[in-house]
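Trainee: Got a few minutes to go through a model with me? I'd like to poke at some residues and then step back to the whole chain.
Mentor: Sure, put it up and ask away.

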Amino acid sequence: MDTSLFQLEGKSALVVGGGQGMGEATARLLAQVGCGVAVADIKGGSAERVAAEVADMGQPSAPIVGDVLDDDQVPRIVERAEAALGGLDVLVATVGQASFAPLVDMKPEQWDRDQHFNLRYFFLIAREAARSMIARGTPGAMTCVSSVAGLQSAPNHASYGVAKAGLVNLVRSMAVEWAPHHIRVNAIAPGSIATPRIPATPERQERTREGLIPTKRLGTVDEVAKAALFLVSDLASYVTGTTLAVGGGWMAASILGVPSVPDGGKLDATAGLT
Ligand SMILES: NC(=O)c1ccc[n+]([C@@H]2O[C@H](COP(=O)([O-])OP(=O)(O)OC[C@H]3O[C@@H](n4cnc5c(N)ncnc54)[C@H](O)[C@@H]3O)[C@@H](O)[C@H]2O)c1
């Protein structure tokens with residue numbers, strides 16, 4: 001195999017949410033294969049730490065402190081990444097967070113926040129990145145992070161699931177509209193992943209072993225990062241508009257893979273649904 005297919009030497013990436021978790025792992029992996037990385041995060045210290053690690057690997061890097069939920073900041077985040085790295089070839093967007101509430105009790109504010117936090121911001125930042133790539137006439141690749149919750153439903157998980165399902169269709173639309181500009185857009189749908197925010201507590205690991213995820217274990221942020229690298233590299237040169245499940249077989253198990261929901265809808269983000 002031509003191993004240069006997954007090398008990104010001389011390319012520039014913006015990783016949004018790159019200060020922690022899947023974004024951090026992806027920023028590091030992209031740097032390992034030769035890519036310059038701008039690390040955007042609302043937490044300045046995290047962005048600086050990960051950008052410094054990228055620099056230690058010998059790659060161009062820049063920390064960018066910004067809030068992707070502030071529409072005015074979104075174009076500035078893309079502009080600063082381009083200015084720091086001299087262009088933009090890759091966008092990886094990992095910001096997002098699960099919430100839980102029965103539909104009958106759900107407040108419109110929660111619904112709106114989930115759509116913004118998981119879906120709307122990606123539309124805005126991918127639009128900015130695409131405008132830049134189109135203006136420069138350079139090809140590009142983008143990946144956002146959806147969820148298995150966007151591919152199937154679960155009790156008390158509707159607003160998050162709808163937002164993540166929105167990403168599944170949004171990447172299709174972007175892929176179709178931007179293919180003439182040689183821009184590919186895909187999504188990753190992680191299953192249950194151990195992250196700093198949702199760690200692999202003994203209880204969570206036990207629940208995973210007892211549950212119906214075929215591989216009987218949590219995934220790692222590095223396993224999500226490897227999927228991101230695949231999708232933004234030339235290994236995936238003919239892949240666009242698709243959502244890649246990274247869930248240890250969760251989707252293969254279909255509805256049976258959904259962990260049972262405790263009574264009263266008191267499910268929280270540590271309960272395995274994400
Ligand atoms: N952990 C799981 O099991 C799981 C499963 C499926 C999907 N997901 C999805 O994976 C994605 C990444 O999850 P994670 O656990 O790595 O996330 P995380 O919360 O650990 O990291 C997200 C990063 O984004 C940053 N961030 C948050 N709000 C921001 C904002 N407004 N502007 C800029 N940066 C902001 C945070 O500071 C953090 O560094 C999310 O979209 C989540 O919904 C997670």
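Trainee: Leaving aside neighbours within four places in sequence, what is Pro 196 in contact with?
Mentor: Gln 20 and Gly 21, once you skip those sequence neighbours. Keep in mind that this is a predicted model.

Trainee: Noted. Where is Pro 196 found?
Mentor: In the loop between β7 (193–194) and α6 (202–210).

Trainee: And is Pro 196 buried or exposed?
Mentor: Exposed, because its relative accessible area is 52% and the cut-off for exposed is over 50%.

Trainee: How about Pro 139, what separates its C-alpha from that of Pro 196?
Mentor: The two C-alpha atoms are 33 Å apart, and along the chain the two prolines are separated by 57 residues.

Trainee: OK, on to backbone angles. What is phi for His 182?
Mentor: Near 60°, so a positive value in a residue that isn't glycine. His 182 sits in the loop between α5 and β6 (183–190).

Trainee: Which residues does His 182 touch, again without neighbours within four places?
Mentor: Pro 139 and Gly 140 are in contact with His 182. As for Gly 137, its C-alpha is 8.9 Å from that of His 182, with the two positions 45 residues apart along the chain.

Trainee: Is His 182 buried or exposed?
Mentor: His 182 counts as exposed, at 57% relative accessibility.

Trainee: I also had Asn 156 on my list. What is its phi?
Mentor: About 70°, positive although Asn 156 is not a glycine. You'll find Asn 156 in the loop between β5 (140–145) and α5 (158–178).

Trainee: Buried or exposed, that Asn 156?
Mentor: Buried, with a relative accessibility of 15%. The cut-off for buried is under 20%, so Asn 156 falls on that side.

Trainee: Switching to cysteines. How many disulfides turn up in the whole structure?
Mentor: The search finds 0. Cys 35 is in no disulfide, and the nearest cysteine sulfur to it, on Cys 144, is 18 Å away. Seen from the other end, Cys 144 is in no disulfide either, with the sulfur of Cys 35 as its nearest at 18 Å. A disulfide needs the two sulfurs within 2.5 Å, so this pair doesn't qualify.

Trainee: Are those two buried or exposed?
Mentor: Buried. Cys 35 has 0% relative accessibility, and Cys 144 has a relative accessible area of 1%.

Trainee: Now the whole thing. How many helices and strands does the protein chain have?
Mentor: It has 7 helices and 9 strands.

Trainee: What radius of gyration does the chain have, and what would a compact globule have?
Mentor: The chain has 18 Å, and a compact globule with 274 residues would be near 19 Å, so the two agree. The C-alpha atoms fill a box of roughly 55 × 40 × 35 Å along the principal axes.

Trainee: What share of the residues counts as buried?
Mentor: 53% of the 274 residues.

Trainee: And what about contacts between residues that sit well apart in sequence?
Mentor: Take the contacts between residues at least 6 apart in sequence: 73% of them join residues at least 24 apart.

Trainee: Last bit, surface and charges?
Mentor: The chain exposes about 12,100 Å², and carbon and sulfur atoms supply 55% of that. On charges, there are 23 positive and 28 negative, and their mean positions are 3 Å apart.

Notes. Residues are numbered from 1 along each chain as its sequence is written. This is a predicted model: local features need pLDDT of at least 70, side-chain atom pairs count only at pLDDT 80 or more; totals for chains, interfaces and linings use all residues. Side-chain values use heavy atoms; hydrogens and water are left out. Helices (H or I, at least four residues) and strands (E, at least two) are DSSP runs, numbered from the N terminus. The radius of gyration is taken over C-alpha atoms; the globule rule is 2.2 Å times the number of residues to the power 0.38. Buried means under 20% relative accessible area, exposed over 50%, partly exposed in between (1.4 Å probe, protein chains only). Contact means heavy atoms within 4.5 Å. Accessible areas come from the Shrake-Rupley method with a 1.4 Å probe; for residues, only the protein chains shown count as cover. Lys and Arg count as positive and Asp and Glu as negative; His and the chain ends are not counted. The place of a charge is taken as NZ of Lys, CZ of Arg, CG of Asp or CD of Glu.
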